[in-house]
Amino acid sequence: MPLSGDLLRLADAVLFPGFAGHAPPDWLRRRLGAGLAGAVLFSRNIAGPDQVARLTAALRAENPAVLVGIDEESGEVTRLEATTGSSRPGGYALGVVDDVDLTEAVAQDLGGDLAKVGITLDFAPSADVNSNPDNPVIGLRAFGTDPALVARHTRAFVRGLQSAGVAACAKHFPGHGDTSVDSHHGVPVVAGDGIEGALFPFQEAIKEGVRAVMTGHLLVPPYDAELPATLSPKILTGLLREELGFQGVIITDGIEMAAVSGAYGIGGASARAIAAGADAICVGGERADEATAVEIRDAIAAAVTTGLLPEERLAEAARRVRELAAWAASSGSRAPQDGYLGLVAARRALRITRRSTAPVLPLTAAAHVVELSPEMNLAIDRKTPWGVGEPLARLLPGTEVTRLAAGEATGAVLEDLIARAARHPLVAVVRDVHRHEWQAEALRHLLSARPDAVVVEMGLPARADLGAVHIATHGAARVCGQAAAEALTGVS
């Protein structure tokens, strides 16, 4: 049975697709002109601020009410600064400083940059409580491990971002922190004994007036033992809407992720998410073509004709999206600040543990830096630079940098590095060493030969008793590397 044009337009009014290129393709322009709700930008769409401003202006030329979203958390998850590394530290570093005024200022500064280039919806902050240190996908993206700390910084981030005229989106409801599976690949199960703590930051974000909440593709047995949160009426309607009282836009995490699309397909998962209480479908991280957008639109419309999705529910979802677009159009914006706030925050997040009475720091001669580089999860752009070697080489010319991935840090390679660094200070840079045995083994090898080495941990610092000096940056953003380099040399 052919789907009516009105029904297809209504389905388009809840869809946020991604696309390829630095300018909107023809298919996206056509769909926006016909009422498509918005679009999501990824790093593949970004070449620089002027180009992004032109891109968003082109989107608005087709639909003045378009919502333009982006995954810009600052820190490790950045799209605007994917090619350079973020000029602001991420959530965990801000939580370590624990200055809510600083967090609000950083978010306001970020919001100014987003508003300046025409972005109106930011999929941030992560309101997850990272209570599982082995979590493969949250980690540094969270403000911390304590629900009260995460809640107050979530509120501060929401205040800052929305004061700049950009809608904040707390994620990943009802909390992705206490999991050990990446929902890009499978279905994480949230432990029941920590769910109240996981919900607390979302409750506080709602009190702060957060405009959007992003669902997590998580199985939460205390509320629904069968369906992940994105597809669960018990969680989206019963818990988030009715119990917690949220009246803003509920948007899904990437609907193509295996945790939801694996069982129902991308179209089936989209229709079920709207039926469960979601108002908008986010797609495009991995599938960013017209065929995918058409598949989702048609599946949502078809679900209305079969009775799976009540038309009233779809109309309600479209209304909420329109209301968010109206808020974004009338909220105004603030100019970005001078660009140094993020570095100030990164410096304040450093924690230095000196374990040697010898004067290891400051380094005054060219060093040898060994960076042990783990594979990142899909939320982090693989091309985003990180590390200490590059900023240290600027401060200490002649510094040599070697980066090793898993499988490359063999005994022979490490022995060669130790020999080459014999007359130089040695700096070992790790990232979540507690989660990667190969990093731990390589670090043990290096420190057995060079107990005078400095260890810089740019992930979660599970321990600080490694190296003659241990520096925890609590983040791998560009400014975190810069702050560590300054600490190594005593220069700022």
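**A mixed sheet, two aromatic pairs and a pair of free cysteines**

In this predicted model, six strands come together as an open sheet, running in the order β9-β14-β13-β12-β10-β11 with mixed pairing. The edges are taken by β9 (351-354) and β11 (400-405), each of which pairs on one side only. On average, neighbouring strands of this sheet are turned by 15 degrees against each other, direction ignored. Within the sheet, β13 (residues 454-457) and β14 (residues 469-472) run parallel and are joined by four bridges. Here E457 of the one strand stands opposite A472 in β14.

Next come the aromatic rings. A pair of such rings is described by the distance of the centres and the angle of the planes. The structure holds two aromatic pairs. F143 and F157 make up a tilted one, with 6.2 Å from centre to centre and 55 degrees between the planes. F143 sits in the loop between β4 (121-122) and α6 (147-163), while F157 belongs to helix α6; the two are 14 residues apart, and the pair links distant parts of the chain. Both F143 and F157 are buried.

The other pair, F173 with F202, is edge-to-face: the centres are 5.2 Å apart and the planes stand at 90 degrees. Because F173 lies in strand β5 (residues 167-173) and F202 in helix α7 (residues 195-208), this pair ties together parts that are 29 residues apart in sequence. F173 and F202 are buried too.

W386 has a different sort of company, namely arginines. R403 lies over the face of the W386 ring, 4.4 Å from the ring centre. R431 also has its charged end over the ring of W386, in this case 4.7 Å from the centre. R403 brings the account back to the sheet, as residues 400-405 form the edge strand β11.

As for the cysteines, the structure holds zero disulfides. C169 is in no disulfide, and the nearest cysteine sulfur, that of C282, is 8.8 Å away. Seen from the other side, the closest cysteine sulfur to that of C282 is the one in C169, and at 8.8 Å it is too far for a bond. The cut-off makes the point plain: a disulfide needs the two sulfur atoms within 2.5 Å. C169 counts as buried because its relative accessibility is 0%. C282, at 5% relative accessibility, counts as buried as well. Both calls follow from the cut-off, since buried means under 20% relative accessible area.

Terms used: Residues numbered from 1 in each chain as written. Predicted model: local features only at pLDDT ≥ 70, side-chain atom pairs only at ≥ 80, totals over all residues. Heavy atoms only, no water. Pairing = 2+ DSSP bridges. Axes fitted to C-alpha atoms, helices over the stretch in contact; angles between N-to-C directions. Phe/Tyr/Trp six-rings, centres within 6.5 Å; stacked < 30°, edge-to-face > 60°. Buried < 20%, exposed > 50% of the residue type's maximum accessible area, 1.4 Å probe, protein only. Lys NZ or Arg CZ within 6 Å of the ring centre and 35° of its normal.
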